Amino acid sequence: MKQQLYSLLVNRVPGIRDRFLQKRRQGAGRVFALVYLIWLNVQYHLLRRRSLGRPARFPYYEEKALYTGGSESSLSARQGPEEFAAALMGYDVISFDVFDTLLLRPFSRPEDLFLLLGQRLQYPGFQTIRMKAEAQARQIKKEQSGAGEVTLEEIWRLVEQQTGIPKESGMQAEWECERDCCFANPYFHRVWAAVRKSGKRMIVISDMYLGQGRLNALLKNCGYGLPDACYVSCDFGVSKYDGGLFAAVRQQEGETLRFAHIGDNKYADGQQAARHGFQPFLYANVNQTGNRYRPFDLSAVTGSLYRGIVNAHIHNGLSFYSREYEYGFVYGGLFVMGYCRFIHRYAAAHHIDKILFLARDGAVLLQAYRLLYPGEAEKTVYAYWSRQAAVKLAAGYFRREYLQRFVHHKAGHRFTIAQILQGMELDHLLRPLCQEEKIRSDEPLTHKNAGKIEDYLIVHWDQVLAAYTGQRQAARLYFAGLLGGCRHAAAVDIGWAGSGAVMLNTLVNREWELRCPITGILAGSASCAGPEGDDWEPFLFSGQLVSYLYSQQKNRDLWKYHDPVSNHNLYWELLLGCSQGSLKGFYPNGKGGYTVRFKDPAPSAGHIDEIHRGILDFVRLFLQTERRLGVAVPVSGRDAYAPMLAVENPVNKKFQKYLEGMLDDAHIG
């Protein structure tokens with residue numbers, strides 16, 4: 001009967017099934033999910049909303065409304081830890097909840113720890129088995145004693161029966177996994193230290209199956225030391241949730257004492273604590289606060305770790321961050337982490353001697369890469385390069401790119417003919433051009449007269465190339481210094497076509513004959529919606545270009561979704577662009593050497609530095625998490641893109657407006 005009802009309400013309509021499973025994946029409880037399921041069926045069958053019959057958008061792109069009232073961390077604003085500790089001094093006994101208060105896990109849901117445990121035990125589907133075994137053990141205990149509090153041993157007795165994993169070794173593996181995952185909440189670590197100095201009696205009260213000994217070990221391992229007493233539901237057979245554990249604590253500690261209790265559960269740590277004579281101080285659960293803004297369209301383990309790391313850092317209440325910092329930390333950190341790992345794997349597999357992180361997008365990537373791989377400092381270098389410099393130097397090989405960059409793309413943008421020629425550093429051709437084509441130097445460049453400019457330059461192409469002879473020689477000196485002794489190099493860029501790397505390879509090997517093939521490593525290739533079409537696909541096909549996030553060959557949903565016209569390129573470039581001005585070019589210095597010239601630096605260097613600080617802090621925390629867990633967490637291109645899908649979604653126009661306000665300041669666009 002139950003299976004038939006499930007099939008009728010869930011499986012009968014694919015769109016309803018997708019939406020129901022989405023809610024369950026997002027952590028909705030059974031009662032809420034059931035009410036939601038019934039409401040979906042009412043809408044579809046009775047209210048005739050047939051659009052619900054189509055598959056939900058969730059498997060492809062989520063619609064997350066991002067917070068726009070300021071920095072997201074402001075939602076968790078609270079008094080400083082020492083100030084909070086001072087407010088507790090009026091009580092005789094100060095009790096703390098343990099999990100999600102004193103201790104945090106790097107997961108967005110506590111049960112996701114069992115995904116990692118299943119990997120350690122080499123048992124597929126272990127998370128579901130472990131969760132069901134705990135629920136079953138609680139039901140058995142409730143039938144036997146009237147209370148559902150169980151121990152780890154009682155849970156594993158059932159897990160052993162269902163899986164064949166020996167109870168003792170399985171329990172040890174779970175304990176080690178829990179120990180490796182847990183870390184001190186930085187806010188409460190300082191609260192604890194301040195209260196401890198006062199000499200107040202400090203206890204912990206927890207609804208948990210691990211027991212007093214293991215909880216004490218966790219607290220000590222995370223730097224808290226031992227509490228004066230540890231009360232755990234599985235040891236007493238009663239819980240905070242039913243109120244019995246608070247009653248037991250009062251009876252043991254002293255009924256006449258004044259108690260304060262700090263925890264995250266509104267009912268157990270709030271209402272039940274107050275009902276039993278404890279003054280509650282509620283602490284907002286970091287994941288409940290942050291998950292409403294986090295993407296869930298990621299692979300299970302990496303996604304939970306990403307959300308857990310972000311939520312714990314942004315919402316623990318110790319620090320409040322700028323919106324620029326959060327843009328880097330929340331939306332750029334996972335991408336930079338994954339991209340650097342991708343670069344490293346490619347370089348190792350293809351025996352790359354030198355990795356050139358191209359300016360300006362390569363600045364923060366290089367810093368992150370060296371954090372991850374400090375032993376490769378000599379193998380990595382920040383290389384001055386820009387599209388403007390590239391098209392000048394490689395004009396002899398890429399005439400169309402040159403004309404499009406300097407003439408075609410600037411038509412209709414209020415540039416005069418004189419400004420166009422000055423930008424190309426062809427001032428000496430201005431007067432003869434105007435005379436021959438019968439146009440004025442102060443005349444605006446339009447789509448009508450752009451053709452005349454292009455025709456003139458093609459006819460006088462030798463003079464165009466001659467104007468850059470010195471620059472080509474200066475650039476050769478620069479890159480010969482960078483690539484000396486290299487047999488194969490990689491040029492790292494954000495994208496979006498790969499022209500920078502392809503032009504550099506042409507110059508290095510055809511113009512300068514340095515004999516060092518250069519592979520372009522891109523964050524993302526030209527997208528389906530981009531103007532390049534299939535122009536650069538042959539280079540991806542041959543392997544001369546490789547892409548991390550998407551291309552025609554991988555993550556085609558992203559390749560189709562990513563839209564330069566909707567500013568998607570610019571939002572990504574804002575993550576990586578640095579405050580240094582863009583490269584104008586390389587020039588002879590008259591002494592047999594060269595000099596490098598740049599455009600003016602970005603005026604809002606502070607905003608850019610904050611974005612980069614957020615990115616690098618995420619990389620550091622991700623590294624710390626990996627070291628604790630003893631695993632290298634894979635970050636696929638699809639997972640790395642997921643946080644930015646919310647940024648790019650049309651529902652977040654207000655968030656986008658804020659970003660667009662920074663683009664001009666950062667000289668992006």
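Here's a quick tour of a sheet, a covered helix and two nonpolar cores. Keep in mind that this is a predicted model. The sheet is open, with 5 strands paired in parallel, and the largest nonpolar core counts 136 residues.

**The sheet**
- Reading across, the strand order is β5-β4-β1-β6-β7.
- β5 (229–232) and β7 (278–282) sit at the edges, each pairing on one side only.
- From one strand to the next, the twist averages 25°.
- In the parallel pairing of β1 (residues 93–96) with β6 (residues 259–263) there are 4 bridges, and V93 stands opposite F259 of β6.
- Helix α12 (residues 244–253) lies across β1, β4 (201–206), β5, β6 and β7, and runs at about 155° to β4.

**Helix α17**
- α17 (residues 362–372) is mostly covered, with 8 of its 11 residues buried.
- The buried ones are G362, A363, V364, L365, L366, A368, Y369 and L372.
- Their cover includes helices α16 (323–349), α28 (568–576) and α29 (605–629), plus strands β8 (354–358), β9 (380–383) and β10 (489–493).

**The cores**
- As a rule, nonpolar side chains in soluble globular proteins tend to be buried together.
- In the largest core here, F96, L103, F188, Y327, F335 and Y339 touch the most other members.
- α16 is the top contributor to this core, giving 15 residues.
- Leaving aside neighbours within four places in sequence, Y327 is in contact with G332, Y571, L574, L575, I611, M644, V647, F655 and L659.
- A second, separate core has 62 residues, among them A394, I439, V464 and A489.

Conventions. Residues are numbered from 1 along each chain as its sequence is written. This is a predicted model: local features need pLDDT of at least 70, side-chain atom pairs count only at pLDDT 80 or more; totals for chains, interfaces and linings use all residues. Side-chain values use heavy atoms; hydrogens and water are left out. Two strands pair if DSSP finds at least two bridges between them. Axes are lines fitted to C-alpha atoms, for helices over the stretch in contact, and angles run from 0 to 180 degrees between N-to-C directions. Contact means heavy atoms within 4.5 Å. Buried means under 20% relative accessible area, exposed over 50%, partly exposed in between (1.4 Å probe, protein chains only). A nonpolar core is a set of buried Ala, Val, Leu, Ile, Met, Phe, Trp, Tyr and Cys residues joined through side-chain atoms within 4.5 Å.
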